Amino acid sequence: MKNKLTVLFQDDSLLAVDKPAGTLSVPDRYNALRPNLAMDLLIDFPAARPLHRLDTDTSGVLLFCLNPEAFGWYSDQFENKTVIKKYIAIAEGQCMTEQGVIDQPLFTQTDGKVIIARKGKPSQTEWQVKERFRFHTCFELHPLTGRTHQIRVHLSSIGHPIVGDKVYGASGPLFFSTLKGKKYKLSAELEEERPLISRTALHASSLQIQAFDSGTTLTLESELPKDMRVALVKLREWSGLA
């Protein structure tokens with residue numbers, strides 16, 4: 001592979017890798033030559049076939065099937081919504097409720113942006129607050145459906161766009177100076193400051209799926225990446241509620 005990936009799990013039929021933020025999961029529909037994990041994996045795993053995808057900015061658990069005979073077994077679990085997926089997100093705004101379910105249909109427009117619309121597909125996301133800060137919230141999320149940009153749109157719909165996700169309403173990257181109370185820095189100064197986190201702060205932390213040979217439950221986990229860990233440390237230090 002061009003870039004060394006962390007393998008989280010591997011057996012004869014399944015491969016789980018720790019996808020870094022900023023990389024494509026599968027080939028770009030508009031530019032098939034753009035680097036992506038599915039193509040890179042073929043060098044070491046010629047039979048690897050993606051079972052799902054993560055957005056470019058999203059990090060975490062990503063699965064590939066290694067055995068053609070097992071592809072239907074695994075893909076059916078995604079189709080039947082029996083795969084349990086959990087995500088961690090750092091979002092804007094202090095959420096005052098402990099938990100809830102967002103049940104809003106999602107529709108993908110021709111420009112690729114996803115909106116809430118009655119003509120959209122049924123979409124549900126369970127969420128709970130992991131940690132609160134003065135102006136941010138860390139969420140744990142469990143998507144019950146697997147729509148494009150689902151978590152991003154759903155969190156934005158309840159007033160908590162994910163940090164860095166300007167497409168769906170976030171103000172922009174998270175800057176250390178903002179946490180320290182310097183909210184009105186000139187834009188030129190912000191351009192010089194390196195953000196704590198500039199990408200969409202969303203991480204696929206775990207996934208449960210039934211193994212092909214044994215039928216046992218596999219729990220595949222990915223640690224929170226460094227950029228999100230650092231952001232949380234600084235939020236606790238400068239924006240904690242205690």
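Colleague: In this predicted model, is H203 buried or exposed?

Modeller: H203 lies in strand β11. A residue counts as buried when its relative accessible area is under 20%. The relative accessible area of H203 is 1%, so H203 is buried.

Colleague: Which residue makes a polar contact with the side chain of H203?

Modeller: Beyond four places in sequence, H203 touches a set of residues including D18, K86, Y87, S222 and M228. S59 also belongs to that set. The side chains of H203 and one residue are joined by a polar contact of 2.7 Å, and that residue is S59.

Colleague: How many residues lie between β11 and β12 in their hairpin?

Modeller: Strands β11 (residues 202-210) and β12 run antiparallel and are joined by five bridges. Q210 stands opposite T217 in β12. In the turn, G215 has a positive phi of about 75°. The number of residues between the two strands of the hairpin is six.

Colleague: Which side chains of β12 point to the buried face?

Modeller: In a regular strand, side chains alternate between the two faces of the sheet. Strand β12 (residues 217-221) shows such alternation. T217, T219 and E221 point to one face and are not buried, while the buried side chains on the other face are those of L218 and L220.

Colleague: Why is the pair of W127 and F139 edge-to-face?

Modeller: A search of the whole structure finds three aromatic pairs. Planes over 60 degrees apart count as edge-to-face. The ring centres of W127 and F139 are 5.6 Å apart and their planes stand at 80°, so this pair is edge-to-face.

Colleague: What is the relative accessible area of F139?

Modeller: W127 in strand β9 (residues 124-132) and F139 in strand β10 (residues 136-143) are twelve residues apart. W127 is buried, with a relative accessible area of 9%. F139 is also buried, and its relative accessible area is 0%.

Colleague: How many residues apart are F176 and W238?

Modeller: F176 and W238 form an edge-to-face aromatic pair, with 5.7 Å from centre to centre and 80° between the planes. F176 is partly exposed at 23% relative accessible area, and W238 is partly exposed at 33%. The pair links helix α4 (residues 176-179) with helix α6 (residues 226-239), and the separation of F176 and W238 in residues is 62.

Colleague: Which ring lies beneath the charged end of R49?

Modeller: The charged end of K119 sits over the ring of F107, 4.3 Å from its centre. The charged end of R49 likewise sits over a ring, 3.6 Å from its centre, and that ring belongs to F71.

Colleague: Is D165 buried or exposed?

Modeller: D165 is found in the loop between α3 (150-157) and α4. Leaving aside neighbours within four places in sequence, D165 is in contact with R152, A170 and T200. Its relative accessible area is 2%, so D165 is buried.

Colleague: Which strand gives the largest share of the largest nonpolar core?

Modeller: In soluble globular proteins, nonpolar side chains tend to be buried together. The largest nonpolar core here has 41 residues, and I90, F139 and L141 are among those with the most contacts inside it. The largest share of this core is five residues, and they come from strand β5 (residues 84-92).

Colleague: How many residues does the second core hold?

Modeller: The second core is separate, and its members include L51, C65, Y74 and I209. Its number of residues is 16.

Conventions: Residues numbered from 1 in each chain as written. Predicted model: local features only at pLDDT ≥ 70, side-chain atom pairs only at ≥ 80, totals over all residues. Heavy atoms only, no water. Buried < 20%, exposed > 50% of the residue type's maximum accessible area, 1.4 Å probe, protein only. Helix = DSSP H or I, 4+ residues; strand = E, 2+ residues; numbered from the N terminus. Pairing = 2+ DSSP bridges. Phe/Tyr/Trp six-rings, centres within 6.5 Å; stacked < 30°, edge-to-face > 60°. Lys NZ or Arg CZ within 6 Å of the ring centre and 35° of its normal. Contact = heavy atoms within 4.5 Å. Polar contact = N/O pair within 3.5 Å; in protein donor to acceptor, adjacent residues only side chain to side chain. Core = buried A, V, L, I, M, F, W, Y, C linked by side-chain atoms within 4.5 Å.
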